[in-house]
Amino acid sequence: MIRQLWFQVIVGAVLGIAVGIALPEVGAAVTPLNDWFIGLVKMIVVPVVFCVVTLGIATMDSLRRAGRIGVKALGYFFVLSLVSMLIGLVVANIFKPGAGMNIDVSSLDASTIPGVDSGEKVGFVEFVTNVIPESLFGAITGHAILSALLVSLLVGCALNVTKAHSAPITTLIESLSHVVFKIVGWVMRLAPIGTFGALASVVAKYGASSLQQLGFLILLFTATCVVYVIVLLGLISKACGMNVFTLMRYLKTELLIALSTCSSEAILPQLVRKLEHLGVGKPVVGLVIPAGFSFNLDGSAVYLTMASLFLAQAVGIDLSWQEQLIMVGVMMLTSKGTAGIAGGAFIVLASTITAVGHVPLAALALIVGIDRILNEGRVFINVLGNAIGAIVIAKWENDFDNEQAREVLAGRREFHIEADDDEEIQTGAAGHIAIDETGAVEDTAALSSRHTAAAST
């Protein structure tokens, strides 16, 4: 068990909490451990997106399928984001976490709000402008996921329509993906160290005293996240023929790392591999997961409406249902433009509050101190929700290997973090791609059957 990454992450988390409580000075000093781990992961995220998306589209039978997957994914994201925001709205209206606080707005310091004075905007024009990279190769070597996704889509489409001339390039990118995922395996081995640094610094910085005043909001949001996972994501998983707790057990390493580091990007490369191993088709994973981490932040959606109503209640402002629905409409737009922006949730809240004008902007200062704690629930739902979203789209596209998923979830087919790439690709789910003995790109269903037949003789 000690060699299992998830167990090592738990050990790192426990040690981090212990150090943060007993030796807060040391806890504050080890903050760079988490920063370094996140930096290493971000270093590899864009290459992973480029390889997965480009290969997924380049090997499709037609570009119509790529468009169909994209439309289905965006439709699913929109519906789930809207439902998530309405859930946060209903919970905050029923339990009223900010009622009775009677905060004097003039006593709040708006300068403590991250992103408010930075000049960052998340309007539609700014969003589209930020998506378009300055150069084709600049997007691949940068850190902007949406820009990398755009370039990957273009390159994949170009390779698809020029297969007769571009097969060597496709083979080269396939070879590059082996190298990239090998690096991913090495980087993920450092997750326990990053977890230790993250939790040690958080506990040392906040302790327990900062939680008392805003404890009800933290408790309510955490309870909402738990119910959200059990009920909503549980029902969606059941509709796909899965148990949400079984899926969580399979993704326990990624969920633990996300909880500890409060970063969705920290597990994106590994999540891609785990879902492919589960039986989700590579084209679906390649399109849905990168897009989902930009457009399907369900945990953030729950948080946005709940936090907005909490702020209004805390300063004694009673928002009508019409005003609340307008706020939801604005958030549905602004929340899609914060991918890769530090403090994105605060920027969305600030943009929405400014646009709607019902709550003083300075009220955001109330929740700055506990945002890191609230982020735990947001990130957990974001990661699990996107994993389930990929399964939904794969089922919808008939690109999901049910038999392989049953074996994986039953523990009969284990995932190895540094498994040989050639073995994984050749024995992957139907619809995945592979390089055959001649170097040509081929569907793994045919390749796998040929290897099976050869083995039987």
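Helices (H or I, at least four residues) and strands (E, at least two) are DSSP runs, numbered from the N terminus. The structure is a predicted model, in which local features need pLDDT of at least 70, side-chain atom pairs count only at pLDDT 80 or more, and totals for chains, interfaces and linings use all residues. Residues are numbered from 1 along each chain as its sequence is written, and side-chain values use heavy atoms, with hydrogens and water left out.

**Exercise 1.** Determine where Gly286 lies and whether Gly286 is buried or exposed.

*Solution.*
Step 1. Locate the residue: Gly286 belongs to helix 14, which covers residues 282-295.
Step 2. Apply the cut-offs: buried means under 20% relative accessible area, exposed over 50%, and partly exposed in between (1.4 Å probe, protein chains only). Gly286 has a relative accessible area of 1% and is therefore buried.
Step 3. Identify its partners, where contact means heavy atoms within 4.5 Å. Leaving aside residues up to four places away in sequence, Gly286 touches Val52 and Val53. The C-alpha atoms of Gly286 and Val53 are separated by 4.4 Å, although the two residues stand 233 residues apart along the chain.

**Exercise 2.** Describe how helix 10 and helix 18 pack.

*Solution.*
Step 1. Two packed helices are described by the angle between their axes and the distance between the axes. Axes are lines fitted to C-alpha atoms, for helices over the stretch in contact, and angles run from 0 to 180 degrees between N-to-C directions.
Step 2. For helix 10 and helix 18 (residues 371-396), the angle is about 10° and the axes are 10 Å apart. Helix 10 is therefore roughly parallel to helix 18. The classes are as follows: angles under 35 degrees count as roughly parallel, over 145 as roughly antiparallel, 65 to 115 as roughly perpendicular and the rest as oblique.
Step 3. The residues that meet include Phe221 and Tyr228 in helix 10, and Phe380 and Leu384 in helix 18.

**Exercise 3.** Explain which parts of the chain are tied together by the salt bridges of Arg65 with Asp399 and of Glu397 with Lys72.

*Solution.*
Step 1. A salt bridge is a side-chain nitrogen of Lys or Arg within 4 Å of a carboxyl oxygen of Asp or Glu. The structure holds six salt bridges.
Step 2. In the pair of Arg65 and Asp399, the closest N and O atoms are 2.7 Å apart. Arg65 lies in helix 4 and Asp399 in the loop between helix 18 and helix 19, so this pair ties together parts that are 334 residues apart in sequence. Arg65 counts as buried at 19% relative accessibility, and Asp399 is buried at 4%.
Step 3. In the pair of Glu397 and Lys72, the closest N and O atoms are 2.7 Å apart. Glu397 lies in the loop between helix 18 and helix 19 and Lys72 in helix 4, so the pair ties together parts that are 325 residues apart in sequence. Both Glu397 and Lys72 are buried.
Step 4. Arg65, Arg68, Lys72, Glu397 and Asp399 are linked in a network of salt bridges.

**Exercise 4.** State what is notable about phi in Asn398, and where Asn398 lies.

*Solution.*
Step 1. Most residues other than glycine have a negative phi, and most peptide bonds are trans.
Step 2. Asn398 is not a glycine, yet has a positive phi of about 55°.
Step 3. Asn398 lies in the loop between helix 18 and helix 19 (402-409), and counts as exposed at 73% relative accessibility.
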